[in-house]
Amino acid sequence: MIYCVEDERNIRELLIYTLETTGFEAKGFGSGAELMSALKEEIPELILLDIMLPGEDGYAILEKLKSNFKTKNIPVIMVTAREAEFDKVKGLEGGADDYITKPFGMMEFIARVKAVLRRSSCQKEDQGISCGDLHLDIGRHEVRYHDNKIELTRKEFELLQYLMENKGMVMTRDQLLCHVWGYDFDGETRTLDVHVRTLRQKLGEAGSMIETVRGVGYRIGE
Ligand code: CA
């Protein structure tokens with residue numbers, strides 16, 4: 001899904017039409033406010049962002065996107081009629097991934113969209129897994145809720161990772177013990193419950209996402 005923020009209807013429709021005929025799904029918005037409310041429903045793969053908009057301009061919207069934990073990793077291409085070098089620098093420093101100046105050819109436009117999506121899918125591999133506002137970064141061995149870092153022991157981390165990798169599915173006690181402690185684990189199965197308890201405590205508010213399925217095991221859901 002690609003979101004297009006552009007107040008000029010003709011341009012917006014042309015962008016969406018071009019994206020759709022190339023095989024992308026796209027939705028258009030006339031202002032930052034419309035974009036923000038759509039982001040509550042769905043996180044797109046890419047945002048095309050005009051600079052001159054009614055209400056908040058593209059730079060202000062970009063800043064909001066980049067300062068929010070949920071939206072900061074969405075790649076952004078600034079789309080604008082402004083040509084000044086200054087604007088380009090400002091957009092890129094603000095965290096935009098690319099910049100395209102109107103008028104532009106549709107071939108160039110699609111090529112840039114594809115290039116940005118390609119780069120972001122490479123980055124995604126080391127970004128980790130999310131469950132609501134809970135984010136687990138495997139590469140860095142780090143867990144964050146909203147933007148707060150949560151310190152976990154290695155076992156707690158592995159337990160959370162396994163649950164998050166199987167988000168929404170019930171993991172049986174045996175699966176969890178086997179995966180986190182090794183298949184020949186013959187310690188007390190209470191070990192698992194103790195770990196889940198401390199994990200929930202450390203996660204605080206997010207701890208309630210770990211659900212106990214009585215007699216079976218545990219599940220994490222948003
Ligand atoms: Ca505009």
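Y3 is buried in this predicted model, at 1% relative accessibility, where buried means under 20% relative accessible area, exposed over 50% and partly exposed in between (1.4 Å probe, protein chains only). The residue lies in strand 1; helices (H or I, at least four residues) and strands (E, at least two) are DSSP runs, numbered from the N terminus. Leaving aside neighbours within four places in sequence, Y3 is in contact with K27, F29, L35, A38, L39, E42, P44, L46, I47 and L48, contact meaning heavy atoms within 4.5 Å. Y3 and E93, by comparison, are 90 residues apart in sequence and 21 Å apart in space, C-alpha to C-alpha.

Residues are numbered from 1 along each chain as its sequence is written. In this predicted model local features need pLDDT of at least 70 and side-chain atom pairs count only at pLDDT 80 or more, while totals for chains, interfaces and linings use all residues; side-chain values use heavy atoms, with hydrogens and water left out.

**Buried residues around Y3**

Two of the contacts of Y3 are I47 and L35. I47 belongs to strand 3 and is buried, its relative accessibility being 0%. Apart from residues within four places in sequence, I47 meets Y3, V5, L35, L39, L65, I74, P75, V76 and I77. The C-alpha atoms of I47 and M78 are 8.4 Å apart, with these positions 31 residues apart along the chain counted as their separation.

L35 is placed in helix 2 and is likewise buried, at 0% relative accessibility. Its contacts beyond four places in sequence are Y3, V5, F29, I47, I61 and L65. For L35 and V5, a sequence separation of 30 residues goes with a C-alpha to C-alpha distance of 7.0 Å. V5 is also touched by S31, which contacts P54 as well when residues up to four places away are not counted. S31 is found in the loop between strand 2 (26-29) and helix 2 (32-39), and counts as buried at 14% relative accessibility.

**Calcium site**

The calcium ion is coordinated by D7 (OD), D50 (OD) and M52 (O), at 2.1 to 2.3 Å. Donors are N, O and S atoms within 2.8 Å of the metal (3.2 Å for Na, K and Ca); water is not among the atoms, so sites may look incomplete. The donor residues follow the sequence spacing D-x42-D-x1-M. Distant parts of the chain are linked here: D7 sits in the loop between strand 1 (2-5) and helix 1 (9-21), and M52, 45 residues apart from it, in the loop between strand 3 (46-50) and helix 3 (58-67). D7 is partly exposed, with a relative accessible area of 31%, and M52 is partly exposed at 49%.

**Loop residues and backbone geometry**

The table lists three loop residues.

| Residue | Loop | Feature |
|---|---|---|
| P103 | between strand 5 (98-101) and helix 5 (106-124) | cis peptide bond with K102, omega about -5 degrees |
| H146 | between strand 8 (142-145) and strand 9 (148-150) | positive phi of about 50 degrees |
| M209 | between helix 8 and strand 11 (210-213) | relative accessible area of 13% |

H146 has its positive phi although it is not a glycine, and this residue counts as partly exposed at 36% relative accessibility. M209 is buried. Beyond four places in sequence, M209 is in contact with C131, L134, R219, I220, G221 and E222. M209 and T198 are eleven residues apart in sequence and 14 Å apart in space, C-alpha to C-alpha.

**Helices**

The twelve residues of helix 6 (residues 154-165) should span 16 Å at 1.5 Å a residue, and the end C-alpha atoms are 16 Å apart, which agrees; the expected span is 1.5 Å times one less than the number of residues. The buried residues of helix 6 are E156, F157, L159, L160, Q161, Y162, L163 and M164.

Two packed helices are described by the angle between their axes and the distance between the axes. The axes of helix 7 (residues 173-181) and helix 8 (residues 190-203) come within 10 Å and cross at roughly 80 degrees. Helix 7 is therefore roughly perpendicular to helix 8. Axes are lines fitted to C-alpha atoms, for helices over the stretch in contact, and angles run from 0 to 180 degrees between N-to-C directions; angles under 35 degrees count as roughly parallel, over 145 as roughly antiparallel, 65 to 115 as roughly perpendicular and the rest as oblique. R173, L176, L177 and W181 in helix 7 meet T191, L192, D193 and H195 in helix 8. These contact residues divide into four nonpolar, two polar and two charged, where Ala, Val, Leu, Ile, Met, Phe, Trp, Tyr, Cys and Pro count as nonpolar, Asp, Glu, Lys and Arg as charged, and the others, Gly among them, as polar.
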